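Hi everyone, thanks for making time for this one. I'd like to walk you through a model, starting with the whole chain and ending at a single residue. Let me put it up on the screen.

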Amino acid sequence: MGRRAALIAAIVLATFVAMDAVSWSGHGSRRSRAAPAHFRVLVFSKTTGFRHDSIPAGIATIRRLGREHAFAVDQTEDEGAFTDRNLARYDALVFLSTTGEPIARQDHRRAFQRYISRGGGFLGIHAASDSFARWPWYVGLVGASFRKHAPGTSRASVVVDDRSAPATRGLPRVWRRVDEWYAFRSNPRRRVHVLATIDERTYHPRDAAMGADHPIAWCHRYDGGRSVYTAMGHTSGSYREPLFAAHLLGAIEMAAGREPFACDP
């Protein structure tokens, strides 16, 4: 009986070892859902102005990226999440096409500011630049404020200025894609590190033109924290594009401080 018990114990141990190996193995660079989270992000998608139909697709894609690359994703539209205690749980905040004044209370805004000043990370996606137009601190955090967009959606050439940054690594030098193309109230180049620009010769900006230098994605250090912004992501289809998902993943990892952040202007 002793030898039989030892044999059973050996089989059980081997089974657990095999199960553990499966739970930690992935396909290519992906990690399984059993992998522990290396960091945590909060996706905030509250709107008090125009609401983008692509928000659910954006949330789903960020959740998928979290499962595949071992980071935890929480999502809310409750500004009550903006307290010192709660925000301290997160390595980065992702503002997904927020519009208008999604944080109304001053105590919540102050908690947001303290989070950044203590070294927190921020990623703004698309209409995040169409939020808090009269709050100078937030406009500075994003880097620029939305002015207008070109009519409809159209295919255009995004020129990747910095192909070494995690948010743009692996993208083609000229990235042809369909989106809604934003223009801003000011050119942020002197304040930020530009990752990509849009070539206005490849679409019809009309009165949403900015000229030959039209930044569309950038990063910078701000008030003690890290900030990344991409003006792309208007359409639901954007979030099904592998290259756009890779752009988001790198931007999230940069904002969370998990990838190099070489973002001096």
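So, the surface to begin with: the protein chain has an accessible area of about 12,500 Å², and 53% of that belongs to carbon and sulfur atoms. The chain runs to 265 residues, of which 51% count as buried. In secondary structure, we have six helices and 11 strands. And if you take contacts between residues at least 6 apart in sequence, 75% of them join residues at least 24 apart.

Please keep in mind that this is a predicted model. How confident is the predictor? The mean pLDDT for the protein chain is 90, with 87% of the residues scoring at least 70. Strand 4, residues 121-125, has the highest confidence at 99, while helix 1, residues 2-24, has the lowest, with a mean of 39. Across residues 4-34 the pLDDT is below 50, and that stretch has 16 contacts in the model beyond near neighbours in sequence. Where pLDDT is low, the predicted coordinates should not be read in detail, so let's move on to the sheet.

It is an open sheet of nine strands with mixed pairing, and the order is 2-1-3-4-11-10-9-6-7. Which strands stand at the edges? Those are strand 2 (71-76) and strand 7 (174-179); each has a single partner strand, so one side of each lacks a neighbour in the sheet. From one strand to the next, the twist averages 20 degrees.

Helix 2, residues 55-69, packs on this sheet, where it touches strand 1 (39-44), strand 2, strand 3 (92-96) and strand 4. The direction of helix 2 makes about 160 degrees with that of strand 2.

Elsewhere in the sheet, have a look at strand 6, residues 154-160, and strand 9, residues 193-199: they pair in the antiparallel sense over four bridges. Within strand 6's partner, strand 9, D199 stands opposite S157.

Last stop, a residue in strand 1: F44. Is F44 buried or exposed? Its relative accessibility is 0%, so F44 counts as buried. Leaving out residues up to four places away in sequence, F44 touches a good list of partners, including T76, E77, D78 and E79, as well as F82, V94, F95 and L96. P102 is another of the residues F44 touches; the two are 58 residues apart in sequence, yet 9.1 Å apart in space from C-alpha to C-alpha.

That's my tour, thanks for listening!

How values were computed:
Residues numbered from 1 in each chain as written. Predicted model: local features only at pLDDT ≥ 70, side-chain atom pairs only at ≥ 80, totals over all residues. Heavy atoms only, no water. Helix = DSSP H or I, 4+ residues; strand = E, 2+ residues; numbered from the N terminus. Buried < 20%, exposed > 50% of the residue type's maximum accessible area, 1.4 Å probe, protein only. Contact = heavy atoms within 4.5 Å. Areas by Shrake-Rupley, 256 points an atom, 1.4 Å probe, with all protein chains shown as cover. pLDDT = per-residue confidence, 0-100. Pairing = 2+ DSSP bridges. Axes fitted to C-alpha atoms, helices over the stretch in contact; angles between N-to-C directions.
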